[in-house]
Amino acid sequence: MEKIYLSEIENGTPIAYDLCNDKGTVLVKKGTQITEALKKKLQKNNIIFLMKDTSPFDNLENSMEHLDETVINQIQETKKVYKQTFAQLSREFETFKSSDRLDKKMVADIAKNLVVSISNNQQVYMSIQGIRNKDVYTYLHSIDVSIFMILFGKSLQLEASEMVDAAIAGMLHDIGKMKIPDRILLKPKKLLPEEMEIMKKHTIYGYDILKNHLGYSEIIARVAKEHHERMDKGGYPNAVGWEKLHLFSKMVAICDIYDAITAQRIYKKPMLPHKAIEYLMTVAGIHLERELVRKFIYNIAVYPLGTKVLLNTGEKGIVININKGFPLRPMVKTTDTNKIRNLLIELTVFIKEVLE
Ligand SMILES: [Fe+2]
């Protein structure tokens with residue numbers, strides 16, 4: 001359940017999801033435009049926030065009936081690890097917020113567990129959906145970026161020890177945000193220029209926290225400082241050249257952007273992966289390095305498990321398996337005829353469109 005305060009919803013915004021009260025009763029139907037009058041009506045009934053029922057596994061669970069047992073087991077396993085990771089990491093971040101202490105061994109263990117779990121359940125990790133909820137934003141975003149870093153690391157064939165460092169770097173890249181005042185960090189509207197300047201400082205704070213305060217390696221600290229730098233020198237804090245950045249910083253820059261555009265938000269549906277990948281390719285060569293973006297995409301599910309698709313044969317179907325290394329050619333189960341079509345074998349069949 002995701003909590004949304006009425007004050008956060010701008011008038012005139014059509015809501016992308018059903019919203020309910022804390023008992024689960026639907027109060028505002030999907031597609032409704034929020035107006036001042038409606039807000040007043042809700043407030044009169046002492047309703048100051050609504051809940052959106054979401055989890056990163058929603059899209060997978062909606063298509064469970066079509067998936068085979070091995071995949072369902074992988075989903076259950078992944079869910080367990082993801083939940084545990086979230087609980088542990090939130091606890092670490094909360095402790096850090098209140099006492100400036102962080103259990104580095106715990107963080108390393110979380111990263112190692114994720115690396116192992118992703119190796120066993122890669123296609124599920126490729127298919128979970130990022131979620132944006134301001135209350136837990138930093139925590140979930142940190143896990144998502146960490147997962148992307150591991151998948152990316154696989155494409156780049158990083159060594160096992162580098163992989164754990166890449167995962168930790170992804171997990172801690174935004175730790176500097178803990179030093180940004182809530183009125184800016186949680187502001188639902190666009191930041192004013194002077195607020196943006198403060199927000200940008202999370203990079204510098206992050207470096208200082210990781211390097212000087214927690215004693216992390218220069219590499220992990222640099223990622224916090226460098227992950228908003230861009231190839232055209234349009235980034236911050238130092239607008240340095242791309243060639244000066246550490247590989248992990250460039251990787252987080254890509255994961256960070258991808259996660260931001262594919263995550264669900266209150267007002268809009270997430271950009272679907274095939275669209276997000278198209279977007280990444282258009283900024284590749286300008287803000288980001290083309291070759292690296294290509295490698296990143298290699299381990300991203302263009303069509304995640306559970307995606308409803310239309311094939312060029314005219315059949316509708318659901319993606320039930322992702323063929324490793326062939327993101328455009330998954331295994332599809334047709335919905336009317338229950339036929340399995342493995343696009344890796346049936347080379348004349350391809351996905352024409354994603355059905356929403
Ligand atoms: Fe950041």
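Let me start with L305: it counts as buried, with 26 C-beta neighbours inside 10 Å. One thing up front: this is a predicted model. L305 sits in the loop between α14, residues 290-298, and β5, residues 308-311. So a loop residue can be buried here, because the label needs 20 or more other C-beta atoms within 10 Å, and L305 has 26.

What does L305 touch? Leave aside residues up to four places away in sequence. The list is then L60, L67, V71, Q123, V124, S127, V319, I320 and I322. For a sense of distance, take Q157. L305 and Q157 are 148 residues apart in sequence, and their C-alpha atoms are 24 Å apart in space.

Now a residue with the opposite label. S98 is in helix α3, residues 69-99. S98 has 8 C-beta neighbours inside 10 Å, so it counts as exposed; the cut-off for that is 12 or fewer. S98 and C255 are 157 residues apart along the chain. Their C-alpha atoms are separated by 28 Å.

On to the helices. I will start with α10, residues 202-213. Which residues of α10 are buried? They are H202, T203, G206, Y207, I209 and L210. Look down the axis of α10: these buried residues fall within an arc of 165°, so they line one face of the helix. What covers them includes α7, residues 160-172, α9, residues 193-200, and α11. After α10 comes G215, with a positive phi near 70°.

Next, α11 itself, residues 218-226. A word on the description: two packed helices are described by the angle between their axes and the distance between the axes. I will go through three partners of α11.

Partner one is α10. The angle is about 165°, and the axes are 7 Å apart. The two helices are therefore roughly antiparallel to each other, since angles over 145 degrees get that label. Their crossing is right-handed. From α10, the contact residues are T203, I204, G206, Y207, L210 and K211. From α11, they are E218, I220, A221, R222, A224 and K225. By class, that contact has six nonpolar, two polar and four charged residues. Note T203, G206, Y207 and L210: they are among the buried residues of α10, and they also meet α11.

Partner two is α7. Here the packing angle is about 35°, with the axes 9 Å apart. α7 passes α11 in a right-handed crossing. On the α7 side, the contact is made by D165, I168, A169 and L172. On the α11 side, it is I219, I220, V223 and A224. How many residues of each class are there in the contact of α7 with α11? Seven nonpolar, no polar and one charged. I220 and A224 of α11 appear in this contact, and they also meet α10.

Partner three is α12, residues 247-262. The axes of α11 and α12 come within 8 Å and cross at roughly 45°. That makes α11 oblique to α12. This crossing is right-handed too. I219, R222, V223 and E226 in α11 meet F248, S249 and V252 in α12. Those residues divide into four nonpolar, one polar and two charged. I219 and V223 meet α12, and they also belong to the contact with α7. R222 meets α12 and is in the contact with α10 as well.

Last topic: backbone geometry. Most residues other than glycine have a negative phi, and most peptide bonds are trans. Here are the places to look at against that background.

Go to the loop between α11 and α12. P237 lies there. The peptide bond from Y236 to P237 is cis, with omega near 5°. K233 is in that loop as well. Phi of K233 is near 60°, positive in a residue other than glycine. Is K233 buried or exposed? With 12 C-beta neighbours inside 10 Å, K233 counts as exposed; 12 still qualifies, because the limit is 12 or fewer.

Then N338, in the loop between β7, residues 331-334, and β8, residues 340-342. N338 is not a glycine, yet its phi is positive, about 55°. N338 is exposed, with 9 other C-beta atoms within 10 Å.

Conventions
Residues are numbered from 1 along each chain as its sequence is written. This is a predicted model: local features need pLDDT of at least 70, side-chain atom pairs count only at pLDDT 80 or more; totals for chains, interfaces and linings use all residues. Axes are lines fitted to C-alpha atoms, for helices over the stretch in contact, and angles run from 0 to 180 degrees between N-to-C directions. Helices (H or I, at least four residues) and strands (E, at least two) are DSSP runs, numbered from the N terminus. Angles under 35 degrees count as roughly parallel, over 145 as roughly antiparallel, 65 to 115 as roughly perpendicular and the rest as oblique. A crossing is left-handed if the near helix is turned anticlockwise from the far one by less than a right angle, and right-handed if clockwise. Two residues are in contact if their C-beta atoms, placed from the backbone, lie within 7 Å. Ala, Val, Leu, Ile, Met, Phe, Trp, Tyr, Cys and Pro count as nonpolar, Asp, Glu, Lys and Arg as charged, and the others, Gly among them, as polar. The arc is that of the directions from the helix axis to the C-beta atoms.
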